[in-house]
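This report describes selected features of the structure shown below. It proceeds from the overall division of one chain to individual elements and then to the contact between chains.

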There are 2 protein chains.
Amino acid sequence: MNAQVERDILKRYPNAVVIGAGVIGASWTALFLAHGVAVTVNDPREDVEGIVEDYIRKATPTLKALGLPAKDLTKRLRFEADLGRAVDGADLIQENGPERIEFKQDLWASIDGKVGAHALLLSSSSARTATEQSLKMAKSAGRLLVGHPFNPPHLIPLVEVVPGERTEPGAIEDAVAFYAALGKVPRIVRKEMQGFVANRLQRAIFRECCYLVLKGVVTVDELDDIVTSSIGLRWAADGPFRSFHLGGGPGGFTAFFKQFSPGLETAWKNMAPVSLDAEAQKTIIDQAQASFAASPPEQLEAERDARQIAIIQALAALKGRTAKPKQ
Amino acid sequence: MNAQVERDILKRYPNAVVIGAGVIGASWTALFLAHGVAVTVNDPREDVEGIVEDYIRKATPTLKALGLPAKDLTKRLRFEADLGRAVDGADLIQENGPERIEFKQDLWASIDGKVGAHALLLSSSSARTATEQSLKMAKSAGRLLVGHPFNPPHLIPLVEVVPGERTEPGAIEDAVAFYAALGKVPRIVRKEMQGFVANRLQRAIFRECCYLVLKGVVTVDELDDIVTSSIGLRWAADGPFRSFHLGGGPGGFTAFFKQFSPGLETAWKNMAPVSLDAEAQKTIIDQAQASFAASPPEQLEAERDARQIAIIQALAALKGRTAKPKQ
């Protein structure tokens with residue numbers, strides 16, 4: 001997307017409301033502000049201002065590293081605990097409330113018809129579909145959809161855009177354009193599958209991770225090293241399908257399936273059950289404690305984010321050099 | 001590992017024999033040579049010299065990018081089609097022959113007792129365990145083990161070191177030290193599981209990838225984008241266990257399991273079957289063709305490797321800056 005198109009899209013959505021300012025909401029707030037989108041935070045907590053401002057301060061070096069303007073971020077930030085006043089004049093709402101369906105249904109019902117027809121109603125939910133969330137809406141259900149980020153949204157590019165049964169095509173288009181203008185990688189998930197896509201993939205691989213650790217094949221730390229030094233590195237560069245397309249040689253997936261599909265099908269049919277009973281949990285918890293607990297989570301997170309930023313920067317620089325954009 | 005220790009280890013293994021010079025064998029050859037290890041290639045093909053020299057030429061920019069000396073690489077390279085003459089005086093053998101068990105058993109039987117007691121007998125096999133491979137050996141089985149690389153070995157760090165039932169502890173230690181001295185990330189796989197670790201993880205996630213595409217939730221291209229912009233990026237930085245340890249917040253895996261284990265167990269128990277029948281294969285092949293076939297595989301591979309090199313360099317630079325080595 002070129003800069004002009006990006007500016008035009010953001011001009012249509014100058015005023016965002018972030019509902020619920022936990023880590024996800026605070027991170028969206030930082031990202032919106034860095035792109036010049038004004039943010040009204042709606043969160044009933046008394047100390048919400050300090051929490052969000054503190055989060056933005058901590059996120060600022062990351063935003064800078066991603067090439068975003070990070071000066072005077074809080075100039076366009078305001079707080080409004082009253083929902084009606086908060087959403088008055090809003091162009092876009094990004095909801096990050098509790099995952100209780102009643103909460104979300106009541107929230108959207110009370111916003112229903114109170115925003116402009118162009119406004120986008122987006123939920124960060126990882127668990128509640130737009131279809132369910134919209135059940136008490138009469139007017140604005142066509143503009144409601146899930147925009148589920150990978151954590152933290154101001155750093156990790158993916159947004160899963162998951163329309164509900166009542167979402168209008170124009171709203172999907174607008175949501176994709178808006179997120180893309182923020183430098184995100186929005187991808188449409190065409191069915192409201194439980195867990196959407198990324199979390200389902202995590203779940204699938206984590207099952208095998210637990211199996212191998214519980215069988216004593218490797219420790220949690222060794223398994224992590226195996227992933228970061230092989231498939232993690234590979235999948236940061238190329239996804240599984242592109243990787244296996246190349247794994248098939250000049251014959252691509254035709255050759256790949258000819259060689260590997262019998263083995264894959266056999267393996268998939270014979271997966272041993274994996275239980276996370278108390279004993280299994282203890283094995284993993286103990287190993288994780290031994291491997292990771294020496295450093296406080298804040299330090300591990302900072303180290304992780306530094307690595308993630310380094311990777312994003314390296315790939316962006318390469319894209320610039322080769323002028324062969326992957327996305 | 002410091003440079004002195006590395007040199008000392010490589011001094012014990014100055015002469016390697018690479019048996020079978022397909023892409024894996026040729027890639028090992030390039031890496032060994034770049035670390036000053038002399039290589040004798042044993043491969044019956046008439047045109048093997050041209051193939052290997054061509055591979056080394058193409059791998060040279062990558063070796064340079066990884067900070068390795070890449071001048072006069074072929075000075076210490078020779079070719080010897082006779083197995084007996086090739087292994088005479090060898091300190092280390094890296095086998096990359098066909099995955100037929102008879103081939104490997106006969107090969108090791110004919111080498112058995114013909115190499116020094118210190119020599120390492122390593123198989124790149126992804127499918128045949130050291131225990132099976134050693135069945136016809138009487139003398140040197142204690143020094144035989146699997147050293148399974150992720151492709152291509154001169155670029156991707158992982159080596160799965162998989163000892164067999166007869167492998168001596170000293171051989172495991174020597175293999176790990178040797179691979180580490182080459183800048184690899186060797187990790188010991190403690191049980192001879194079919195597929196070892198990395199391929200089992202690939203299989204597990206690929207099952208869900210196919211499921212989501214066959215259900216029409218996303219296309220192969222969209223799924224790849226979802227992976228590269230979220231979990232791929234994450235797992236190049238941190239493995240799944242470290243990631244979920246942080247996902248649990250200050251409570252680590254105890255908190256993570258408390259929140260997520262019921263959902264995980266339910267999902268794992270209710271995984272729908274995935275079949276790669278002719279129709280399913282056609283769906284994936286057609287989408288992969290549409291997404292990837294416009295560029296020749298060599299170009300896609302070069303682009304992938306450029307991205308992988310950029311990531312490895314960025315993480316290495318970060319490690320140098322922070323002096324907080326992850327491995």
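How far apart do the C-alpha centres of domain 1 of chain A and domain 2 of chain A lie? In this predicted model, the separation between the two centres is 33 Å. Domain 1 of chain A covers residues 3–188, and domain 2 of chain A covers residues 199–294.

**Strand β1 and its partners**

Strand β1 of chain A comprises residues 15–19. Of its 5 residues, 4 are buried, and the strand is thus mostly covered. β1(A) pairs with strand β2 and with strand β4 of chain A, as tabulated here.

| Partner of β1(A) | Residues | Bridges | Direction | Residue paired with A:V17 |
|---|---|---|---|---|
| β2(A) | 38–42 | 5 bridges | parallel | A:T40 |
| β4(A) | 92–95 | 4 bridges | parallel | A:I93 |

A:V17 thus stands opposite A:T40 in β2(A) and has A:I93 as its bridge partner in β4(A). Between β1(A) and β2(A), the chain passes through helix α2 (residues 23–34) of chain A. This β-α-β crossover is right-handed.

**Helix α13**

Helix α13 of chain A runs over residues 278–292. At 1.5 Å a residue, its 15 residues should span 21 Å, and the 20 Å between its end C-alpha atoms agrees with this. Which residues of α13(A) are buried? They are A:I284, A:I285, A:A288 and A:F292. Viewed down the axis of α13(A), the buried residues fall within an arc of 100°, so they line one face of the helix. An α-helix has 3.6 residues a turn, so residues three or four places apart point the same way. A:E279, A:D286 and A:A290 are exposed on the other side of α13(A).

**A:T266 in helix α12**

A:T266 belongs to helix α12 (residues 252–269) of chain A. Is A:T266 buried or exposed? A:T266 has 10 other C-beta atoms within 10 Å and is therefore exposed, the limit for this class being 12 or fewer. From A:T266 to A:A290 there are 24 residues in sequence; in space, the two are 36 Å apart, C-alpha to C-alpha.

**Contact between chains A and B**

The interface brings 87 residues of chain A into contact with 87 residues of chain B. Elements of chain A that give two or more residues to this side include β8 (185–188), α8 (198–214), α12, α13 and α14 (297–322). The largest share, 14 residues, comes from α14(A).

Technical notes
Residues numbered from 1 in each chain as written. Chains lettered and ligands numbered in written order. Predicted model: local features only at pLDDT ≥ 70, side-chain atom pairs only at ≥ 80, totals over all residues. Domains from an automatic or database assignment. Expected span 1.5 Å × (residues − 1). Buried ≥ 20, exposed ≤ 12 C-beta atoms within 10 Å, placed from the backbone. Arc of directions from axis to C-beta. Pairing = 2+ DSSP bridges. Right-handed = clockwise from strand over helix to strand, strands pointing away. Contact = placed C-beta atoms within 7 Å.
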